[in-house]
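Trainee: I would like to go through the aromatic rings and ask how each label is earned.

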There are 2 protein chains.
Amino acid sequence: MNNVTQLSPVKIRSHHAFQTQHKKTNSNDSLLHRGDFLYRMGDKLKGIYVVNAGAIKLFRITETGDEHITAFLMPGDIVGLDALEDGYSRSTAVALDTTCVSLTTIENVLKGGGGISSAELIQRMGSTLNRDNDLIMILSQRTAERRLAWFLVDFSDRLAARGISPAEFTLPMSRTDLAVFLGLALETVCRELARFRESGLIDINRRRFYLLDIEGLRQTSSGCDEIAPKTVTCGVKRAAAGGYA
Amino acid sequence: MNNVTQLSPVKIRSHHAFQTQHKKTNSNDSLLHRGDFLYRMGDKLKGIYVVNAGAIKLFRITETGDEHITAFLMPGDIVGLDALEDGYSRSTAVALDTTCVSLTTIENVLKGGGGISSAELIQRMGSTLNRDNDLIMILSQRTAERRLAWFLVDFSDRLAARGISPAEFTLPMSRTDLAVFLGLALETVCRELARFRESGLIDINRRRFYLLDIEGLRQTSSGCDEIAPKTVTCGVKRAAAGGYA
DNA sequence: CGCGTTTTTGATCTAACTCAAGCTTTGTGG
DNA sequence: CCACAAAGCTTGAGTTAGATCAAAAACGCG
């Protein structure tokens, strides 16, 4: 296939024309279809985008050629934060669905009067950092069960925050995407979902999900699942800075 | 031991008085000793801090009582970003060493004239987000070898960026901290370090590290290690948004 | 209606975890 | 100053969760 160091043309679904460009509805808004790129690793971004509708997948390609997904964004989320360090994006943003985004340039943010103020951007970035830290915590303890439960609960919470039914939804991404995002094998995702279904926590039909017991999922995701914690070690384990200089 | 939901008093090393408070050298600067907290989960922060000297460990306690370290900060780094969402910190910051920090309030950031401008803060946060994404990528592929190599190379690079010898340094944190940060078992960290030493990549004496072959470590961390990639799959594996709505 | 993609399920293998024990360094008190 | 305690580090043996390999079933599309 393509070589590793190559950033650009990545094979894309046959029935969609390959395009980084996208339809402009007005100066600041863009409409993307499934598979369209909003921007790619290395692109110089014009500013930050707010997702108005649809869904965006953010990912990077590693030196070994593996894709890794860093976030799934939904309406209200901001895209393009990864370019704020130096103007050049570190990741690729692709639409998972028909998606509408609107642009605000950094100049407008700093100047004020644009769509987003400095204070607001700082707050939103703080929120993104906190979410990333949540993800880091989930990824660093390696049980598939907790990762998946966390994902479902998190997705559900985000829907709820947007006034959308949190117990019944259609995921915009494939099982493979889910696996990549959670750092699991595709098969593990399927198996674990099957187990959730067997335990009556959820019901699934392809990408349609029904969360039957959100609290149960939340318990599972926090690890305070079931009865009696396996090893009584439910206390703070270590806290101070140990060691010597 | 202590209960989970309890935020506060966590046992601390015997010979240091327990204190969240810290010596004030002037209105904006604080001096902390090893084990002192700069702030804790849930505290309302007065602003953001720049580390002038020393080292800070940032961590959270999960519902299950496990500590998880989200970052190690060194001079020049900003602490307190986790409170920018709503003013309350999501994590605990503790000094690993004698550490000096200086405070800039958010009001001063937004108003300008303080130590840090809005534009600068936004850029620094962008940089932090990118670093977090690097960590996310490392954590989601579960080989201990790569995680550890990445850590060493990253630490070395950060030292180099500060004009400090990148090939010879003393880590401020324990093996346990390293393990927690990288999502590995303590024993795995030791073993993997031993393997690095045997391969001649590094030399170690307690917390004193000598990177003998930084490029080798970088290779290991990127996974493009050794000769011929195991499965020829060095191309872009998947790229487009798959599936159906 | 057949083909390609996605999802599911099964069997085996392995990297990392857990438990366990010994060793080293640092700090404490007689 | 030396012995002892405590914390940190290292190494060994056995177990296990999840990866990998393999194949089949479900669904969508032309």
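Trainee: How many aromatic pairs are there over all chains?

Mentor: The count comes to twelve over all chains, where rings of Phe, Tyr and Trp (its six-membered ring) pair if their centres lie within 6.5 Å. This is a predicted model, where local features need pLDDT of at least 70, side-chain atom pairs count only at pLDDT 80 or more, and totals for chains, interfaces and linings use all residues. Side-chain values use heavy atoms, without hydrogens and water.

Trainee: Why is the pair of Phe72(A) and Phe151(A) called edge-to-face?

Mentor: Planes under 30 degrees apart count as stacked, over 60 as edge-to-face and the rest as tilted. The centres of Phe72(A) and Phe151(A) are 6.3 Å apart and the planes stand at 75 degrees, so the pair is edge-to-face. Phe72(A) is in strand 6 and Phe151(A) in helix 3 of chain A, 79 residues apart.

Trainee: What makes the pair of Phe155(B) and Phe169(B) tilted?

Mentor: Their centres are 5.1 Å apart and the planes are at 45 degrees, so this pair is tilted.

Trainee: Why does Phe155(B) count as buried?

Mentor: Buried means under 20% relative accessible area, exposed over 50%, partly exposed in between (1.4 Å probe, protein chains only). Phe155(B) has 6% relative accessibility, so it counts as buried. Phe169(B), at 4%, is therefore buried too.

Trainee: How do you know that the charged end of Arg40(B) sits over the ring of Phe37(B)?

Mentor: The rule asks for NZ of Lys or CZ of Arg within 6 Å of the ring centre and within 35 degrees of the ring normal. The charged end of Arg40(B) is 4.6 Å from the centre of Phe37(B).

How values were computed:
Residues are numbered from 1 along each chain as its sequence is written. Chains are lettered from A and ligands numbered from 1 in the order in which they are written. Helices (H or I, at least four residues) and strands (E, at least two) are DSSP runs, numbered from the N terminus.
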